[in-house]
Amino acid sequence: MTKAEAARQKQNERMKAELERVRQMRRFEEEAVRKAGGTGPVCGVDEAGRGPLAGPVAAAAVILPEDLELAWLNDSKKVTEKRRKLLCAQIQEKALAWAVVMVPPERIDEINILQATFEAMRSAVRKLTVRPGVLVNDAVLIPGLDLLQVPVIKGDAKCISVAAASILAKVTRDAYMEKMDALYPEYGFAGHKGYGTKAHCAAILEHGPCPIHRRSFLGKLLAGQQSGSGFSMPESAPGQNRRVCGQQGEDMAADYLTRRGVRILARNFRDRDGEIDLVGEQDGTILFIEVKYRRDDRYGSPAEAVTAGKQKSICRTALYYLHLHHCPEQQPARFDVVSISGKDVQWLRNAFPFVR
């Protein structure tokens, strides 16, 4: 066998394995729908852009043909940018129906990111030219829709229709943020797409927020006040260092957890009782994560700052989160603390008890 023939054989084997992976996604989705008693066209629903500091949140709904096989279709975060764009064009061409809706930052600030995400999802489903018989969603139940819904944790990596929706949502939102980069080049939107990178946070502190920033997401970052068209932040402003360090600590914690297989579902989730820094999911368990950051240990470990009172408020807020997301009673959940001192990161699992 020549080298060229060996290379072709290897390529064919790789494509065969890839198509089998996609077929397995189809089979998993069909079985989930069957167990839920669903019939009729299956619609995948997913979102992109819940976590960024700027830009809209996007949601996509897509109904694929039953026999469609798209190699490399996967959770959008696991696909390269170039391949995402190719897949997006293929999905739009071959889908029985698809729709993408974006909800702008001002609406996010008005009704909060969770409700804005649901609003985008509802609108995307209602814009479809084919009425679905069942929705397969990435881990959520969408309120306000009179349709059978099947929430699947990590659905964008397990279900073919949800994966397609995740691709459409992300490519559409990314394209919008690239256009915004031309209008507001000082923020670098084309690179980070509005997420809270170190460079993005520094640009906000230097220039102040622009019209597409989510004001409700910037409370921990901004210190000082806007007046007129200028933005000022005294270097010695009280609380500035705490806010900036808190943001940096959460960024470090989110990156640390993501690299260890945790999917970040929400940041700075709030209700009237309190706030949870990060909400994540790993292997079917919901993680409510308190991030404690200090530059050093002169005043004790960061984890020691999670007092009994703080634990109670986190518990109430966690219960509210589970209620909003219609999480089943049997789904496991726990409280973790990510403790950061300088550059040292420690992940304390089951840091304190959680009772539903």
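In the predicted model, alanine 139 is partly exposed, with a relative accessible area of 26%. This residue lies in the loop between S4 and S5 and, although not a glycine, adopts a positive phi of about 75°. A second residue other than glycine with a positive phi is histidine 326, for which the angle is near 55°. Histidine 326 is located in the loop that separates helix H10 (308-324) from strand S11 (333-341), and its relative accessibility of 42% places it in the partly exposed class.

The two strands that flank alanine 139 belong to an open sheet of 5 strands, in which the order is S3-S2-S1-S4-S5 and the pairing is mixed. The edges are occupied by strand S3 (97-103) and strand S5 (148-152); each has a single partner strand, so one side of each lacks a neighbour in the sheet. On average, and with direction ignored, neighbouring strands of this sheet are turned by 20° against each other. Strand S4 (residues 134-138) and S5 run parallel and are joined by 5 bridges. Within this pair, valine 134 has leucine 148 of S5 as its bridge partner.

Helices H1 and H4 both make contact with strands of the sheet. Helix H1 lies across strand S1 (42-48), S4 and S5, and its direction is at about 120° to S4. Helix H4 (residues 113-126) touches S1, strand S2 (57-63), S3 and S4, and makes an angle of about 30° with the direction of S2.

Helix H1 (residues 3-35) also packs against helix H6 (residues 160-183), at an angle of about 110° and with the axes 7 Å apart. The two helices are therefore roughly perpendicular. On the H1 side, the contact is formed by Val22, Met25, Arg26 and Glu29, whereas H6 contributes Ile160, Ser161, Val162 and Ala163. By residue class, the contact of H1 with H6 comprises 5 nonpolar, 1 polar and 2 charged residues.

Considered as a whole, the protein chain contains 10 helices and 12 strands. Of its 356 residues, 51% are buried. The chain exposes about 17,700 Å², of which carbon and sulfur atoms supply 51%. Among the contacts between residues at least 6 apart in sequence, 63% join residues at least 24 apart.

Terms used
Residues are numbered from 1 along each chain as its sequence is written. This is a predicted model: local features need pLDDT of at least 70, side-chain atom pairs count only at pLDDT 80 or more; totals for chains, interfaces and linings use all residues. Side-chain values use heavy atoms; hydrogens and water are left out. Helices (H or I, at least four residues) and strands (E, at least two) are DSSP runs, numbered from the N terminus. Buried means under 20% relative accessible area, exposed over 50%, partly exposed in between (1.4 Å probe, protein chains only). Contact means heavy atoms within 4.5 Å. Accessible areas come from the Shrake-Rupley method with a 1.4 Å probe; for residues, only the protein chains shown count as cover. Axes are lines fitted to C-alpha atoms, for helices over the stretch in contact, and angles run from 0 to 180 degrees between N-to-C directions. Angles under 35 degrees count as roughly parallel, over 145 as roughly antiparallel, 65 to 115 as roughly perpendicular and the rest as oblique. Ala, Val, Leu, Ile, Met, Phe, Trp, Tyr, Cys and Pro count as nonpolar, Asp, Glu, Lys and Arg as charged, and the others, Gly among them, as polar. Two strands pair if DSSP finds at least two bridges between them.
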